[in-house]
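Trainee: Could we sit down with this structure and go through it together? I would like to practise reading a fold from its numbers.

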Amino acid sequence: MKSTRDQTRRAFWLKQLHQWHWVSSALCLIGMLLFAATGITLNHAHQIEAAPTRSEQRAALPEALRPVLAAAAQAKPAELPAPLADWIAGTLSVSVRGRTVEWSADEAYVALPRPGGDAWLGIDLESGEAVHELTDRGWISYLNDLHKGRNTGTAWSWFIDIFAGACLVFTLTGLVLLQFHAAGRPATWPAVGLGLVLPALLAILFIH
C-alpha cells in the first residue's frame, strides 16, 4: 500500500503534468490543426488542381533616378539603392529592401519568392522600365508552403520552432501521464506500441 508521502508526490506530479499538458495543447492546438490539414493536402498535391494566376505591373523610372540606376549598375551592390527601392515601393507597392539584386549586362533582377506563389522584379538598365510579375497559385498552395516553411521569412520560422517545442511538451507530458494511468488501462501500451510499429512496418515494407 502506498504511503501518504508517495501519494502526495504522485498527486504533485500529476498536477504539474496536467498543467503543462493542457497549456502546451492550448498553444499548439490551432497550429496542429493547420499542419494536420496541410499534411493531407500535401500528400494529395498531385490530385488537387491549381490554376495559377499571373499579374504584371510596368512603370518607367523617372529621369531623376536614371543616374542612380547607372551608378548602381557600375558598382553592382548587393541590394538596390534606397532611392530606387523607395520609388519601387511607392509606384508598384513592392518591397525590395533586404532583397538580393542580380546584375546582368542589361538588367537588374530581384527575385521575390513568396508562399503560395512567386514574384520577381526587373529593371531594364537602358530604358529604365521596371516590370513586376506576380504568380498566385491559390490558398491551398499558400497553406502548403506555410507547412513547409517555404519562403515564409524569419518570423514564421520562429513560430514553427516554438510550435514544435510546444508539441514536444504536449506529447512527452502525455506519455508520462499514460505511464501514471497505465495500471488501470491495460490497452495503453499496446496502443502506444501499435503507433510505433505500424509506421515502422509501412516504411520497411512499402517505402523503397
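Mentor: Happy to, and what follows is a short round of questions and answers.
This is a predicted model, in which local features need pLDDT of at least 70, side-chain atom pairs count only at pLDDT 80 or more, and totals for chains, interfaces and linings use all residues. Residues are numbered from 1 along each chain as its sequence is written, and side-chain values use heavy atoms, with hydrogens and water left out.

Trainee: In what order do the elements of the protein chain run from the N terminus on?
Mentor: Helices (H or I, at least four residues) and strands (E, at least two) are taken as DSSP runs and numbered from the N terminus. The protein chain has six helices and five strands. Their order is α-β-α-α-β-β-β-β-α-α-α.

Trainee: What radius of gyration does the protein chain have, against that of a compact globule of 208 residues?
Mentor: The radius is taken over C-alpha atoms, and the globule rule is 2.2 Å times the number of residues to the power 0.38. The C-alpha trace spans about 90 × 40 × 25 Å along its principal axes. A compact globule of 208 residues would be near 17 Å, but the protein chain has 27 Å.

Trainee: What percentage of the residues of the protein chain count as buried?
Mentor: Buried means under 20% relative accessible area, exposed over 50%, and partly exposed in between (1.4 Å probe, protein chains only). Of the 208 residues, the buried share is 26%.

Trainee: Which element gives the most to the largest nonpolar core?
Mentor: A nonpolar core is a set of buried Ala, Val, Leu, Ile, Met, Phe, Trp, Tyr and Cys residues joined through side-chain atoms within 4.5 Å. The largest has 23 residues, and L80, I88, V96, W103 and I123 touch the most other members. Two or more residues each come from α2 (66-75), α3 (82-92), β2 (101-103), β3 (107-111) and β4 (117-124). With five residues, the top contributor is α3.

Trainee: Which residues is I88 in contact with, leaving aside its neighbours within four places in sequence?
Mentor: Contact means heavy atoms within 4.5 Å. I88 is among the core residues that touch the most other members. Its contacts beyond those neighbours are L80, S93, V94, V96, L121 and I123.

Trainee: Is S93 buried or exposed?
Mentor: S93 lies in the loop between α3 and β2, and its phi is near 55°, a positive value in a residue other than glycine. Most residues other than glycine have a negative phi. Because its relative accessible area is 67%, S93 is exposed.

Trainee: N151 also has a phi near 55°; how does its relative accessibility class it?
Mentor: N151 sits in the loop between α4 and α5 (153-181). Because its relative accessibility is 33%, N151 counts as partly exposed.

Trainee: Is D145 buried or exposed?
Mentor: D145 belongs to helix α4 (residues 139-148). Leaving aside neighbours within four places in sequence, D145 is in contact with R114, P115, G116, G117, R150 and T152. Its relative accessible area is 4%, so D145 is buried.

Trainee: What distance separates the C-alpha atoms of A26 and F170?
Mentor: A26 is in helix α1 (residues 4-43) and counts as partly exposed at 49% relative accessibility. A26 and F170 are 144 residues apart along the chain, and their C-alpha atoms are separated by 9.3 Å.
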